[in-house]
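Me: I'm new to reading protein models. Could you go through this one with me?

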Amino acid sequence: MNDKRYKNGDLLPDEKRLTVMGEFIRKTSLDEIPQLLNVIKGDMSLIGPRPLLVEYLPLYSEIQKRRHEVKPGITGWAQVNGRNTISWEKKFDMDVWYVDHVSFLLDLKIFLLTIKKVFKSEGINSATAATMEPFTGN
């Protein structure tokens, strides 16, 4: 992604800043590879709720905060059930559902579904943006 801006200095929307190479990297999920270092270090898990921006922390409801009861992951229940095509509310609901149902078999299912999603390139873009709209709270 480039850093092109409007004349007033604000960044252009993601879809106008996404380069051909960036589009390929996102489509093939190659942008997730560096996160494997965080898994190796023990800061992340392969499976779990995707880490979100720190600036979202004060916007979470008490229920949404429950997503932090497990380590964040490279892929998770929300990613295999819509990724960027689902609403923030549904994403948080799925993250909390995962926290309540975490198991080896569920993680295996998510892992296998993730492989399928990567090969099909599903759910990469939201309906209104090249990535996902910012979370603004409830």
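Me: Let's start with F135: buried or exposed?
Reply: First, a heads-up: this is a predicted model, where local features need pLDDT of at least 70 and side-chain atom pairs count only at pLDDT 80 or more, while totals for chains, interfaces and linings use all residues. Residues are numbered from 1 along each chain as its sequence is written, and side-chain values use heavy atoms, leaving out hydrogens and water. Buried means under 20% relative accessible area, exposed over 50% and partly exposed in between, using a 1.4 Å probe and protein chains only. F135 has a relative accessible area of 5%, so F135 is buried.

Me: Which kind of aromatic pair do W88 and F135 form?
Reply: Rings of Phe, Tyr and Trp (its six-membered ring) pair if their centres lie within 6.5 Å; planes under 30 degrees apart count as stacked, over 60 as edge-to-face and the rest as tilted. For W88 and F135, it's 5.2 Å centre to centre and 55° between the planes, which makes the pair tilted.

Me: How many residues apart in sequence are the parts that this pair ties together?
Reply: Helices (H or I, at least four residues) and strands (E, at least two) are DSSP runs, numbered from the N terminus. W88 sits in helix α5, but F135 is in the segment after α6, so the parts tied together are apart in sequence by 47 residues.

Me: And what kind of pair do Y56 and W88 make?
Reply: That's one of the eight aromatic pairs in the structure. Both partners are tucked away: Y56 is buried at 8% relative accessible area, and W88 is buried at 13%. Their rings are 5.6 Å centre to centre with 80° between the planes, so this pair is edge-to-face.

Me: Which residues do ring pairs link into a cluster?
Reply: We've already met some of the members, with W88 pairing with F135 and Y56 pairing with W88. The full cluster linked by ring pairs is Y56, Y60, W88, F92 and F135.

Me: Which residue lies over the face of W88?
Reply: A charge sits over a ring if NZ of Lys or CZ of Arg is within 6 Å of the ring centre and within 35 degrees of the ring normal. Here the distance from the ring centre is 4.9 Å, and the residue is K91.

Me: Which element gives the most to the largest nonpolar core?
Reply: A nonpolar core is a set of buried Ala, Val, Leu, Ile, Met, Phe, Trp, Tyr and Cys residues joined through side-chain atoms within 4.5 Å. This one has nine residues: I47, W77, A78, V80, I86, M94, Y98, L106 and I110. The elements giving two or more are α4 (77-80), α5 (88-101) and α6 (104-120). With three residues, the one giving the most is α4.

Me: What is the volume of the largest pocket?
Reply: On a 1 Å grid over the protein atoms alone, a pocket is an open set of points where a 1.4 Å probe fits, with protein on both sides within 12 Å along at least five of seven lines; lining residues have an atom within 4 Å of a point. There are 35 lining residues, with D31, E32, R50, I74 and R83 nearest the centre. Volume is the space filled by probe spheres set on the points, which are joined across faces, edges and corners. For the largest pocket, that's about 1000 Å³.

Me: What is the phi of R83?
Reply: R83 lies in the loop between α4 and α5, and R83 is buried. R83 isn't a glycine, yet its phi is positive, at about 55°.
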